[in-house]
Amino acid sequence: MLRLERDGAVAVVTLTRPETLNALHPELVDGLREIAGTLAAQGARCLLLTGEGRAFSSGADLGGGELPEDLGAFLEKHYNPLMEALAALPIPIVSAVNGVAAGAGCSLALMGDLILAGRSAYFLQAFINIGLVPDAGANWLLPRFVGRARAMEMMMLGERVSAETALSWGLVNRVVEDAVLMEEARDLAQRLAAMPTRALGLIRRLARETEASSLADALKAERVAQKEAGESEDFRAGVTAFLGKTKGVFSGK
Ligand code: LHQ
């Protein structure tokens with residue numbers, strides 16, 4: 001259901017259920033959560049997420065027989081822990097959206113700190129089309145990313161949002177030709193993996209913590225994170241490189 005490859009310090013995780021457009025079977029969701037929990041300890045310094053075949057993910061697996069009776073309990077058991085684990089990762093995430101990202105699959109793609117989309121990719125809040133509400137964090141993520149008007153339109157109308165539109169709305173960082181998507185995504189992931197990992201992890205944490213806080217609370221959160229970043233080897237390496245007019249080499253420590 002998942003393939004994990006190491007490419008230097010980059011962990012590349014591919015959803016491998018192309019026959020269902022990488023539908024999120026609970027086993028896949030739990031497997032991804034387990035992988036996420038081990039990445040930093042294994043020395044990975046960036047996670048690259050993508051899908052095999054012509055899709056990133058079609059969202060919840062609707063074809064596996066009986067659907068769960070209590071969807072709330074299902075979310076609590078499978079999706080929510082995954083989203084929490086990804087949000088708590090101390091390393092950056094790059095999403096390479098290689099086709100449709102629908103329903104919870106859209107939420108998964110949006111967990112990327114940097115999101116690259118192939119030109120033929122599209123985003124679909126498919127939930128309403130089957131009588132459900134957005135989950136896996138979409139209600140929280142979308143209005144923050146694209147503003148209320150666009151978020152409501154996506155969530156209520158359940159229409160496809162093309163990669164180009166997603167770019168113009170600020171939902172993704174870059175749109176590239178399909179043929180070069182993985183190459184570009186790998187380059188970006190490698191670049192991040194060679195940067196000061198602790199500071200990148202702290203930037204993720206700050207971005208999340210300060211999302212809904214006051215300026216005063218954001219300043220306090222920055223104080224805590226900056227103390228931690230200031231204690232890293234990469235900070236010293238960065239300053240030394242700057243003063244020596246050389247390029248910094250960062251160990252991630
Ligand atoms: C699929 C799926 C799929 C299984 C395509 N599952 N097989 C919900 C419920 C439970 C728990 C908690 O959370 C949730 C939250 C959600 O994520 S709700 C949203 C669930 N996802 C959807 O409603 C999307 C359903 N899929 C589609 O609307 C279309 O397949 C899209 C627009 C994604 C792609 O359309 P096409 O490119 O035309 O492909 P297709 O429809 O022909 O699909 C190709 C195959 O993949 C097909 O199988 P087949 O055997 O006929 O080739 C589909 O049945 C299968 N597939 N999505 N989610």
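Select Arg6 and Ala11 to start: Ala11, in strand β2, is the bridge partner of Arg6. You are looking at a predicted model, where local features need pLDDT of at least 70, side-chain atom pairs count only at pLDDT 80 or more, and totals for chains, interfaces and linings use all residues. Residues are numbered from 1 along each chain as its sequence is written, and side-chain values use heavy atoms, with hydrogens and water left out.

**Stop 1: the hairpin**

Now show β1 and β2 in full. These strands run antiparallel and are joined by six bridges. Two strands count as paired if DSSP finds at least two bridges between them. Strands (E, at least two residues) and helices (H or I, at least four) are DSSP runs, numbered from the N terminus. Together β1 and β2 make a hairpin with two residues between them, and Gly8 in the turn has a positive phi of about 65°.

**Stop 2: Leu21 and helix α1**

Move on to the loop between β2 and α1, where you will find Leu21. Leu21 is not a glycine, yet its phi is positive, about 55°. How exposed is Leu21? Its relative accessible area is 22%, which makes it partly exposed. Buried means under 20% relative accessible area, exposed means over 50%, and partly exposed lies in between (1.4 Å probe, protein chains only).

Next, select residues 26-39, which form helix α1. The 14 residues of α1 reach 20 Å from the first C-alpha to the last, close to the 20 Å expected at 1.5 Å a residue. That expected span is 1.5 Å times one less than the number of residues. Colour Leu28, Val29, Asp30, Leu32, Ile35, Ala36 and Leu39: these are the buried residues of α1. What do they pack against? Their partners are β1, β2, β3 (46-51), α2 (71-87) and α3 (104-110), with contact meaning heavy atoms within 4.5 Å.

**Stop 3: strand β5**

Select residues 93-97, strand β5. Five of its five residues are buried, so β5 is largely enclosed by the rest of the structure. Ile93, Ser95 and Val97 sit on one side, Val94 and Ala96 on the other, and both faces are covered. Add β3, which pairs with β5 in the parallel sense over three bridges; here Val94 is the bridge partner of Leu48. Then add β7 (residues 114-118), which runs parallel to β5 and is joined to it by four bridges. Look for Ala96 and its bridge partner in β7, Leu116.

**Stop 4: the largest pocket**

Select Leu110, Met111, Trp140, Leu141 and Phe145, which lie nearest the centre of the largest pocket among its 23 lining residues. The pocket holds about 670 Å³ of space. On a 1 Å grid over the protein atoms alone, a pocket is an open set of points with protein on both sides within 12 Å along at least five of seven lines, and lining residues have an atom within 4 Å of a point. Grid points are joined across faces, edges and corners, and the volume is the space filled by probe spheres set on the points. Which helix gives the most to this lining? It is α2, with four residues. By class, the lining has 13 nonpolar, five polar and five charged residues. Ala, Val, Leu, Ile, Met, Phe, Trp, Tyr, Cys and Pro count as nonpolar, Asp, Glu, Lys and Arg as charged, and the others, Gly among them, as polar.

**Last stop: Lys245**

Finish in the segment after α10 (233-243), where Lys245 is found. Lys245 has a positive phi, near 55°, and is exposed, with a relative accessible area of 77%.

How values were computed:
1 Å grid on protein atoms, 1.4 Å probe; cavity = no way out; pocket = protein on both sides within 12 Å on 5 of 7 lines; lining within 4 Å.
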